[in-house]
Amino acid sequence: MPALINPSILSADFANLERDLAKIASADFAHVDIMDNHFVPNLTIGLPVVERLAQVSPVPLDVHLMIDDADRWAPAYAEAGAASVTFHAEATQAPVRLARELRARGARAGVALRPASPVEPLLDLLDELDMVLVMTVEPGFGGQSFIDGTLPKIRRARAAIDAAGTGTWLQVDGGVSRDTIRLIADAGANVFVAGSAVYGAPDVAAEIAALRGLADA
Ligand code: DX5
Ligand code: ZN
């Protein structure tokens, strides 16, 4: 499958989200970071805003929930119109049940891992998951540098997904740029989130094309 490029609107202008979504019409998904000031030390947006973004976005929404008690809150994001909803493994009591609830609401179901969390507990559940997200920075903020120590985990996840034959997407989020994307693609990721690299570029569409070209090279 060709690489997917999902710009993170965490680096967009929060006073102009519709305008900044229009800038990423050539991307695959818009990555939307939901933070609750508990699971991570930062606060962004919630359901009412996501519902409106889903109505105006030129591309489907890839919602990344960095919130406690995902079991309680995640299904509502699928109902709000997100095409993909990713919750953190560290914030759920029942990942399989929650993934099934998301799929039943028509969304793709993803599970995310902090940089220090092992991927192994997810590897027996791959047929229940549409995506595994390996965080390559500590979640909470854009513009941090890529943690190289996560590469072996990406490789292990890729090997397990290929062995299982589930076609589960492998997403990477944090520090993705022209400098790091080739290395990450070589490790086996096929879905790339990039916030500061895309929205910090002078030509957003050109940056998306450049990242896609490097990932697929
Ligand atoms: C961080 C968020 C990321 C963030 C990535 O917790 O999950 O999606 O926007 O930002 P960059 O691409 O700047 O590292
Ligand atoms: Zn994210």
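**Figure 1. The shell around ligand 1 in this predicted model.** Ligand 1 is surrounded by 22 residues. Ser8, Leu10, Gly142, Gly195 and Ser196 come nearest. Three elements, strand 2, strand 8 (191–194) and helix 7 (196–199), each supply at least two residues of the shell. By type, the shell holds eight nonpolar, twelve polar and two charged residues.

**Figure 2. The residues listed as "binding site" in UniProt.** The unreviewed UniProt entry lists His31, Asp33, His64 and Asp173 under this heading. These residues are spread over 143 residues of sequence, yet they cluster in space. Their largest C-alpha distance is 10.6 Å. Histidine 31 lies in strand 2. Histidine 31 counts as buried because 30 C-beta neighbours fall inside 10 Å. Beyond four places in sequence, histidine 31 touches Asn6, Pro7, Ser8, Ile9, Asp62, His64 and Val193. One of these contacts, His64, is itself on the UniProt "binding site" list.

**Figure 3. The residues listed as "active site" in UniProt.** For this heading, the unreviewed entry gives Asp33 and Asp173. The pair spans 141 residues of sequence but clusters in space, with a largest C-alpha distance of 10.6 Å. Both aspartates also appear in the "binding site" list from UniProt.

**Figure 4. Close-up of aspartate 33.** Strand 2 (residues 30–35) holds aspartate 33. Is aspartate 33 buried or exposed? Aspartate 33 is buried, because it has 24 C-beta neighbours inside 10 Å. Leaving out neighbours within four places in sequence, the contacts of aspartate 33 are Ser8, Leu10, Thr44, His64 and Met66. Ser8 and Leu10 are among the residues that come nearest to ligand 1.

**Figure 5. Close-up of aspartate 173.** Aspartate 173 sits in strand 7 (residues 169–173). Aspartate 173 is buried, because 25 other C-beta atoms lie within 10 Å. Which residues does aspartate 173 touch, not counting those up to four places away in sequence? They are His64, Leu133, Met135, Thr136 and Val193. His64 is also a contact of aspartate 33. Val193 is also touched by histidine 31.

**Figure 6. Glutamate 120 in a loop.** Glutamate 120 lies between strand 5 (108–113) and strand 6 (131–135), in the connecting loop. Glutamate 120 counts as exposed, because only 11 C-beta neighbours are inside 10 Å and the cut-off for exposed is 12 or fewer. Alanine 160 is 40 residues away from glutamate 120 in sequence. In space, the two are 9.1 Å apart, C-alpha to C-alpha.

**Figure 7. The buried side of helix 3.** Helix 3 covers residues 70–79, and its buried residues are Ala70, Ala74, Tyr77 and Ala78. These residues are on the same side of helix 3, because they cover an arc of only 100° around the axis. What do the buried residues of helix 3 pack against? Their partners are helix 2 (47–56), strand 3 (61–66), strand 4 (84–88) and helix 4 (95–104). Just after helix 3 comes glycine 81, with a positive phi of about 115°.

**Figure 8. The largest nonpolar core.** In soluble globular proteins, nonpolar side chains tend to be buried together. Here, the largest nonpolar core has 70 residues. Leu65, Val85, Val132 and Phe192 have the most contacts inside this core. Outside a window of four places in sequence, phenylalanine 192 contacts Ala3, Leu4, Ile5, Asn6, Val172, Val176, Ile181, Ile184, Leu211 and Ala215.

**Figure 9. Close-up of alanine 215.** Alanine 215 is part of helix 8 (residues 204–216). Alanine 215 is buried, because it has 21 C-beta neighbours inside 10 Å and burial needs 20 or more. Apart from neighbours within four places in sequence, alanine 215 is in contact with Ala3, Ile181, Ala185 and Phe192. Ala3 and Ile181 are contacts of phenylalanine 192 as well. Valine 193 lies 22 residues from alanine 215 in sequence and 12 Å away in space, C-alpha to C-alpha.

Definitions and conventions:
Residues numbered from 1 in each chain as written. Chains lettered and ligands numbered in written order. Predicted model: local features only at pLDDT ≥ 70, side-chain atom pairs only at ≥ 80, totals over all residues. UniProt positions renumbered as here; feature names shortened; annotations may be inferred. Helix = DSSP H or I, 4+ residues; strand = E, 2+ residues; numbered from the N terminus. Contact = placed C-beta atoms within 7 Å. Arc of directions from axis to C-beta. Near = placed C-beta within 6 Å. Nonpolar A, V, L, I, M, F, W, Y, C, P; charged D, E, K, R; others polar. Core = buried A, V, L, I, M, F, W, Y, C linked by C-beta atoms within 7 Å.
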